[in-house]
Amino acid sequence: EILLTILEEHVIPEYNALLALDNSKVELDDETRMVIVKQALANNTGARSLRMEVEKRLINQMFEAPNKG
């Protein structure tokens, strides 16, 4: 539960701030958020894995955002 809170209150807002520069936004549904948290737990690195798991899912969006903005 704490990882989900960290994800929603810290990690996603940081990526939204970055993507806002290119008029883009992070959109993760509840299922994807839970997959990210479960994978972070499976990695046994807790909150440190959240950023890596989010980035894995957003890499294409982050790469393409400057071209869309």
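**Exercise 1. Work out how E53 and K56 are placed relative to each other in this predicted model, and how their side chains meet.**

Solution. Being three residues apart in helix α3, E53 and K56 are separated by about one helical turn, and this is a place in a model that is predicted rather than determined by experiment. The next step is to look at the side chains, and here those of E53 and K56 meet in a salt bridge, with 3.2 Å from N to O. This distance satisfies the cut-off, because a salt bridge requires a side-chain nitrogen of Lys or Arg within 4 Å of a carboxyl oxygen of Asp or Glu.

**Exercise 2. Find which residues are linked with E53 in a network of salt bridges, and describe the surroundings of E53.**

Solution. Begin with R57, whose side chain meets that of E53 in a salt bridge of 3.0 Å, N to O. Both R57 and E53 lie in helix α3, where they are four residues apart, about one turn of the helix. Taken with the bridge between E53 and K56, this gives a network of salt bridges that links E53, K56 and R57.

Now ask how accessible the members are: E53 has a relative accessible area of 1% and is therefore buried, since buried means under 20%. R57, in turn, has a relative accessible area of 35%, so this residue is partly exposed.

Finally, turn to the other partners of E53. A polar contact of 3.2 Å joins its side chain to that of N43. When neighbours within four places in sequence are left aside, E53 is in contact with I36, Q39, A40 and N43.

**Exercise 3. Of the salt bridges in the structure, examine the one between R51 and E14, and explain which parts it ties together.**

Solution. The structure holds four salt bridges, and in one of them the side chains of R51 and E14 meet at 2.5 Å, N to O. Because R51 lies in helix α3 and E14 in helix α1, the pair ties together parts that are 37 residues apart in sequence. As for accessibility, R51 counts as partly exposed at 37%, and E14 likewise counts as partly exposed at 39%.

**Exercise 4. Describe the position of E8 and determine which residues E8 touches beyond its neighbours in sequence.**

Solution. First place the residue: E8 lies in helix α1, and with a relative accessible area of 37% this residue is partly exposed. Next list the contacts, which, not counting residues up to four places away in sequence, are with P13 and R33. To see how the second of these arises, compare two kinds of separation: E8 and R33 are 25 residues apart in sequence, while their C-alpha atoms are 8.6 Å apart in space.

**Exercise 5. Identify the residues with the most contacts inside the largest nonpolar core, and say which helices supply the core.**

Solution. Start from a general tendency: in soluble globular proteins, nonpolar side chains tend to be buried together. In this model the largest nonpolar core has 15 residues, and those with the most contacts inside it are L7, V26, L50 and V54. Then consider the helices, since α1 (2-20), α2 (30-42) and α3 (47-68) each supply at least two residues of this core. Of these, α1 gives the most, with six residues.

As a last step, follow V54, which touches L7, V11, Y15 and I36 when residues up to four places away in sequence are not counted. I36 also appears among the contacts of E53, a residue placed in helix α3.

Technical notes. Residues numbered from 1 in each chain as written. Predicted model: local features only at pLDDT ≥ 70, side-chain atom pairs only at ≥ 80, totals over all residues. Heavy atoms only, no water. Core = buried A, V, L, I, M, F, W, Y, C linked by side-chain atoms within 4.5 Å. Buried < 20%, exposed > 50% of the residue type's maximum accessible area, 1.4 Å probe, protein only. Contact = heavy atoms within 4.5 Å. Polar contact = N/O pair within 3.5 Å; in protein donor to acceptor, adjacent residues only side chain to side chain.
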